[in-house]
Amino acid sequence: MADDIEIDTADLERRMEGAIASLRTEFASLRTGRASASMLEPVMVDAYGTPTPINQVGTVNVPEPRMVTINVWDKSLVNKVEKAIRNSGLGINPQMNGTIIMLPIPELNEERRRDLTKVASNYAEHARVAVRNVRRDGMDQIKKAKNDGGMSEDDQKFWETEVQDLTNRFITRVDDTLETKQAEIMQV
């Protein structure tokens, strides 16, 4: 039956996996009230004329549950790192101590927690859209194969069901990941 023409579901799955990985990266940047080195991953520093991740200009440590420290290797970049953190929208006020920048993580109030859950929901929606776009590409491959005459009605139905099942699995994973992150954000 569905052996005449193969739709590359492994490629579709790999691309959907990419959407989940991207979602996890975005979630890692959301501040939950606990210090985490990964919250600085999206912050770029203008180092030597090139946008550079913070972890490539200094050592990022989490010495306490509510403190992140960055030991900047090049003294000339300390002010640029501080400026990048201030402008990042993380809501953290860096404190300078020579080449060490300390980032005290304040407690989140209820309103800020609700705002962060909305941001998390937006990130999850972007991931769902990405998964659906991959599904659309898969469905387009199926329609093209059908229109080229190389696929029967039964094969078309089989592959459409396969792609839809794959999509449903990944949408469920996005929803589960969102639920976990929202619970983490709302935890006091």
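This report describes a four-stranded sheet, the helix α2 that packs on it, and one residue of helix α4 in a predicted model.

**The sheet**

Four strands form an open sheet in the order β3-β4-β6-β5, and their pairing is antiparallel. Strands β3 (58-64) and β5 are the edge strands; each has a single partner, so one side of each lacks a neighbour in the sheet. From one strand to the next, the twist averages 25°. Five bridges join β3 and β4 in the antiparallel sense. Val60 stands opposite Ile70, a residue of β4.

**Helix α2**

Helix α2 spans residues 78-86, and its buried residues are Val78, Val81, Glu82, Ala84 and Ile85. Viewed down the axis of α2, these buried residues fall within an arc of 160°, so they line one face of the helix. Asn79 and Lys83, on the other side of α2, are exposed. The helix lies across β4, β5 and β6, and runs at about 20° to β6. The table lists the strands against which the buried residues of α2 pack.

| Strand packed against by α2 | Residues |
|---|---|
| β1 | 44-47 |
| β4 | 67-72 |
| β5 | 95-97 |
| β6 | 100-104 |

**Thr167 in helix α4**

Helix α4 covers residues 153-186 and includes Thr167. Is this residue of the helix buried or exposed? Thr167 has a relative accessibility of 2% and therefore counts as buried, the cut-off being under 20%. When neighbours within four places in sequence are left aside, Thr167 is in contact with Met16, Val131 and Arg135.

Technical notes:
Residues numbered from 1 in each chain as written. Predicted model: local features only at pLDDT ≥ 70, side-chain atom pairs only at ≥ 80, totals over all residues. Heavy atoms only, no water. Helix = DSSP H or I, 4+ residues; strand = E, 2+ residues; numbered from the N terminus. Buried < 20%, exposed > 50% of the residue type's maximum accessible area, 1.4 Å probe, protein only. Contact = heavy atoms within 4.5 Å. Arc of directions from axis to C-beta. Pairing = 2+ DSSP bridges. Axes fitted to C-alpha atoms, helices over the stretch in contact; angles between N-to-C directions.
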